[in-house]
Amino acid sequence: MKVEVSDLYEKLKDDLFRFARSIARHGQEANDLVQDAMIKSLNEPELLSLPEYKQRAWFFRVMKNRLIDDRRKEQRLTQWEEDLDFPIQQMGVSHLEITDLLRHLPQDLSDLIFKRYWLGLSSQEIGGQLGVPASTVRYKLHLAIKRLRTILEEEI
């Protein structure tokens, strides 16, 4: 069966890459779309029995759906990151005052704020360093920001 799938790939690869490049933002994303579609095709034995035009359409649909899924995921993550932004400049608070405020937080939350806003790491990167899911990092950042806002409101 692997020989047949590789034959299918050789037959369709130019069309697949052309289509992927037309819908992707950059070449690497296009390559990933084609690769993911090829991997998915290994689990679809009936694909080999379809006419060539239906095989091509199947690949195009799989790549397009994968791209849509990726965009939706990206949009959700971006939304989360924007919700977590802590507008220091808008609050009229200096970095020195924020550093002082961080002492009111538990060390783990203070570290998260530091990594996110001073080092500019994403929740994914912080989660990788700490060995926790990115969603946990975002939740803890949300808690930390909420506490900082409460502290700032009490002081003002």
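V34 is in contact with Y9, L16, F17, A20 and M63, leaving aside its neighbours within four places in sequence; contact here means heavy atoms within 4.5 Å. V34 is also among the residues that touch the most other members of the largest nonpolar core, a group of 18 residues. Keep in mind that this is a predicted model, where local features need pLDDT of at least 70, side-chain atom pairs count only at pLDDT 80 or more, and totals for chains, interfaces and linings use all residues. Residues are numbered from 1 along each chain as its sequence is written, and side-chain values use heavy atoms, with hydrogens and water left out.

**The overall layout**

- The protein has seven helices and zero strands; helices (H or I, at least four residues) and strands (E, at least two) are DSSP runs, numbered from the N terminus.
- Read from the N terminus on, the elements go α-α-α-α-α-α-α.
- Of the 156 residues in the protein, 31% are buried, where buried means under 20% relative accessible area, exposed over 50%, and partly exposed in between (1.4 Å probe, protein chains only).
- Take the contacts with a separation of 6 or more: 66% of them are between residues 24 or more positions apart.

**Two nonpolar cores**

- A nonpolar core is a set of buried Ala, Val, Leu, Ile, Met, Phe, Trp, Tyr and Cys residues joined through side-chain atoms within 4.5 Å.
- In the largest one, L16, A20, L33, V34, M38, F59 and M63 touch the most other members.
- Helices α1 (2-23), α2 and α3 (52-84) each supply at least two residues of this core, and α1 gives the most, with six residues.
- Apart from that core lies another, of 16 residues, among them L102, L109, L112 and I151.
- As background, nonpolar side chains tend to be buried together in soluble globular proteins.

**L33 and S41, both in α2**

- L33 is found in helix α2 and is buried, with a relative accessible area of 3%.
- Not counting residues up to four places away in sequence, L33 touches A20, I23, A24, M63, R66 and L67.
- One of those partners, M63, is 30 residues from L33 in sequence, yet the two sit 5.5 Å apart in space, C-alpha to C-alpha.
- S41 lies in the same helix, which covers residues 27-41, and S41 is buried too, with a relative accessible area of 2%.
- The side chain of S41 reaches the backbone oxygen of M38 at 2.5 Å; a polar contact is a pair of N or O atoms within 3.5 Å, and within protein one must be able to donate a hydrogen and the other to accept it, while residues adjacent in sequence count only if both atoms are side-chain atoms.
- S41 is also in contact with V5, L47, W58 and F59, again leaving aside its neighbours within four places in sequence.

**Q55 in α3**

- Q55 is found in helix α3 and is buried, with a relative accessible area of 3%.
- A polar atom of the Q55 side chain lies 3.4 Å from the backbone oxygen of L48.
- Q55 touches L8, K11, L12, L47, L48 and L50, not counting residues up to four places away in sequence.

**How α7 packs with α5 and α6**

- Two packed helices are described by the angle between their axes and the distance between the axes.
- Axes are lines fitted to C-alpha atoms, for helices over the stretch in contact, and angles run from 0 to 180 degrees between N-to-C directions.
- The axes of α5 (residues 107-118) and α7 (residues 134-155) come within 9 Å and cross at roughly 100 degrees.
- That makes α5 roughly perpendicular to α7; angles under 35 degrees count as roughly parallel, over 145 as roughly antiparallel, 65 to 115 as roughly perpendicular and the rest as oblique.
- On the α5 side, D108, L109, L112, I113, R116 and Y117 meet V137, K140, L141, A144, I145, R147 and L148 in α7.
- The residues of this contact divide into nine nonpolar, no polar and four charged; Ala, Val, Leu, Ile, Met, Phe, Trp, Tyr, Cys and Pro count as nonpolar, Asp, Glu, Lys and Arg as charged, and the others, Gly among them, as polar.
- Helix α6 (residues 123-130) packs with α7 at an angle of about 110 degrees, with the axes 8 Å apart, so α6 and α7 are roughly perpendicular to each other.
- Here S123, Q124, I126 and G127 in α6 meet A134, V137 and R138 in α7, a mix of three nonpolar, three polar and one charged.
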